[in-house]
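This report covers core packing and charged pairs in one protein model. The sequence and structure come first, followed by the description.

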Amino acid sequence: MADRPLTLTARSLDLRMSEVKSACDALPPGARKSVSLRRYLSAERAKTSGDTIECSRRLDAALLTLK
């Protein structure tokens with residue numbers, strides 16, 4: 001992916017992923033942290049497979065857990 005420029009969607013997805021990851025890391029250990037981290041990791045797997053829509057859905061689920 002380094003050889004081609006990122007589109008606007010890919011940049012915003014990367015930004016959302018980094019925000020969710022930092023929010024997950026800031027949580028104290030517990031159920032909310034483990035659930036949100038699990039959802040973040042599933043979003044990461046979806047992004048790796050190229051499914052940006054599923055990645056976005058998983059990030060939304062992680063954000064709901066963080067609130």
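In this predicted model, Leu59 sits in helix α3, which spans residues 52-66. Leu59 is buried because its relative accessibility is 0%, and buried means under 20%. Beyond the residues within four places in sequence, Leu59 is in contact with Leu13, Arg16, Met17, Val20, Tyr40 and Ala43. Arg39 lies 20 residues from Leu59 in sequence, with a C-alpha to C-alpha distance of 7.0 Å.

Leu59 belongs to the largest nonpolar core, a set of 12 residues. Its other members are Leu13, Met17, Val20, Cys24, Leu27, Tyr40, Ala43, Ala46, Cys55, Ala62 and Leu66. At least two residues of this core come from each of α1 (8-26), α2 (31-48) and α3. Met17, another core member, touches Leu59 as well as Tyr40, Ala43, Glu44, Lys47 and Cys55, when residues up to four places away in sequence are not counted.

The charged side chains are described next. Side chains of opposite charge can pair when their charged atoms come close. The whole structure contains 5 salt bridges; the table lists some of them, including their N to O distances.

| Salt bridge | Closest N to O distance |
|---|---|
| Lys21 and Asp25 | 3.3 Å |
| Arg57 and Glu54 | 2.8 Å |
| Glu54 and Arg58 | 2.5 Å |

Lys21 and Asp25 are both in helix α1, 4 residues apart, which is about one turn of the helix. Lys21 is partly exposed, since its relative accessibility is 30%. Asp25, at 41% relative accessibility, is likewise classed as partly exposed.

Which residues are linked with Glu54 in a network of salt bridges? They are Arg57 and Arg58. Arg57 and Glu54 are separated by about one helical turn because they are 3 residues apart in helix α3. Glu54 and Arg58 are 4 residues apart in helix α3, so about one helical turn separates this pair.

The members of the network fall into the following exposure classes. Glu54 counts as buried because its relative accessibility is 17%, and the cut-off for buried is under 20%. Arg57 has a relative accessible area of 53% and is therefore exposed. Arg58, at 35% relative accessibility, is partly exposed.

Helix α3 thus holds both the buried core residue Leu59 and the salt-bridged residues Glu54, Arg57 and Arg58.

Conventions
Residues are numbered from 1 along each chain as its sequence is written. This is a predicted model: local features need pLDDT of at least 70, side-chain atom pairs count only at pLDDT 80 or more; totals for chains, interfaces and linings use all residues. Side-chain values use heavy atoms; hydrogens and water are left out. Buried means under 20% relative accessible area, exposed over 50%, partly exposed in between (1.4 Å probe, protein chains only). Contact means heavy atoms within 4.5 Å. A nonpolar core is a set of buried Ala, Val, Leu, Ile, Met, Phe, Trp, Tyr and Cys residues joined through side-chain atoms within 4.5 Å. A salt bridge is a side-chain nitrogen of Lys or Arg within 4 Å of a carboxyl oxygen of Asp or Glu.
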